[in-house]
Amino acid sequence: MDITTPYYEDLTRISNSNIGWFIKKGPKYLKEMLNNEREGLKLPQLEKGSMIHEYILQPEEFWKDYVILDFEVPKVKQQKEFCEAYATSLELLEDEKKLKAYKSSYTNQKSPEIALKEASELCNKYEKYIEYLKLKDTKKVISFADLTMLKTIKKNVEEHKKANEILFDFPKTFETHNEFHINWEYPNASVMGDLSCKSLLDRFMIDHTNKKIYLVDIKTTSDVYNFKHSIEEFDYYRQMAYYWLAIHWYFKNELKLDNIDEYEYKTYIIAIQSHDSYEVRVFDLDNKAIEDRLLTIDLAIKKIAWHQNNNLWEHTKEYYEGDGCEIL
């Protein structure tokens, strides 16, 4: 299984999100997304969700991607321009960097000595802001309030008996994989053959000794007591069904095991309220409800494969094969 291309950068494979776009917005929208012609959804709540995921599931990676900086932002335009110029300056000598940044931000005719003195004072005053400017393209800056929130959420997860069991206090017979990337093939998607797919599983647990497989997904929500609405709105049953297809492929093609049907399947969603008390609830998803979504996936996959093979994306498959009318 080749996963050298990072999951979110690989636009050659079909994900569960792609299927959702295809079902809700049609083939043209999907094609534009796959061509990177449309910008994906980037809401604050999605960014918060990603931060919570990484803090809980990949704590060893978290501080490689995030940094806490408590800084004062310059209020004067010239001061802000100085900080930006200094942070992006490529000169090797410190005084040269300061003088160049000062001259690019201030139009006064002060002597080099005075200019260097004032530039040094600005560097000292806005040291943390300058550090932020240097790091902002490589790390995401969070506040101490964000860290407090993350610590509270982890504490609530650890105190929830089921969430703690499947995340931290599981039997040693389980092998666990977090943010598990599977590139897989959907068989016989069209007359042209299989369709290349991809899945990124929050948490995948296998116990070969006791023959158990757990699929665990973490969701942030505005209301854990109305989470049923989120399950229906975002069709989480279809998402989990898609992940199980990936797991079946992984068992057969990577682990070289044909006995997955002998294993007990469990699918859990850990719902975390994203504000206030950050309450945690765990939902055990019904296997039958998940299996019922396989037909939806199959229909969508085969239509997507048809559009790819024929390179026709402006309308639906039914439009091209019929007289232009479509059935609701």
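Let me begin with one residue, I247, which, once its neighbours within four places in sequence are set aside, is in contact with I182, L201, F204, I213, L215 and I260. I should say at once that what we have on the screen is a predicted model, and everything that follows should be heard with that in mind.

I247 belongs to a wider set: together with F204, I213 and I301, I247 is among the residues with the most contacts inside the largest nonpolar core, which has 44 residues. If we ask which element gives the largest share of this core, it is helix 12, residues 236-253, with 11 residues. Apart from this core lies another, of 29 residues, and among its members are L167, F174, Y214 and I270.

Let me turn to the sheet. Five strands form an open sheet in the order 3-4-5-6-7, and the pairing within it is mixed. At the edges we find strand 3, residues 175-190, and strand 7, residues 280-284, each of which pairs on one side only. Neighbouring strands of this sheet are turned against each other by 40° on average, with direction ignored. Within the sheet, strand 4, residues 193-207, and strand 5, residues 212-221, pair in the antiparallel sense over five bridges, and if you would like one position to look at, R203 has V216 in strand 5 as its bridge partner.

Staying with this part of the chain, I would point to S274, which sits in the loop between strand 6, residues 264-273, and strand 7. Is S274 buried or exposed? Its relative accessible area is 16%, and since buried means under 20%, S274 is therefore counted as buried. Leaving aside neighbours within four places in sequence, the contacts of S274 are with K48, T220, T221 and S222.

My last topic is a pair of helices. Two packed helices are described by the angle between their axes and by the distance between those axes. For helix 5, residues 77-88, and helix 7, residues 112-125, the angle is about 85° and the axes are 11 Å apart. Because angles of 65 to 115 degrees count as roughly perpendicular, helix 5 is described as roughly perpendicular to helix 7. As for the residues that meet there, helix 5 brings Q79, F82 and Y86, while helix 7 brings A119, L122 and C123. By character, the residues of this contact divide into five nonpolar, one polar and no charged.

How values were computed
Residues are numbered from 1 along each chain as its sequence is written. This is a predicted model: local features need pLDDT of at least 70, side-chain atom pairs count only at pLDDT 80 or more; totals for chains, interfaces and linings use all residues. Side-chain values use heavy atoms; hydrogens and water are left out. A nonpolar core is a set of buried Ala, Val, Leu, Ile, Met, Phe, Trp, Tyr and Cys residues joined through side-chain atoms within 4.5 Å. Buried means under 20% relative accessible area, exposed over 50%, partly exposed in between (1.4 Å probe, protein chains only). Helices (H or I, at least four residues) and strands (E, at least two) are DSSP runs, numbered from the N terminus. Contact means heavy atoms within 4.5 Å. Axes are lines fitted to C-alpha atoms, for helices over the stretch in contact, and angles run from 0 to 180 degrees between N-to-C directions. Angles under 35 degrees count as roughly parallel, over 145 as roughly antiparallel, 65 to 115 as roughly perpendicular and the rest as oblique. Ala, Val, Leu, Ile, Met, Phe, Trp, Tyr, Cys and Pro count as nonpolar, Asp, Glu, Lys and Arg as charged, and the others, Gly among them, as polar. Two strands pair if DSSP finds at least two bridges between them.
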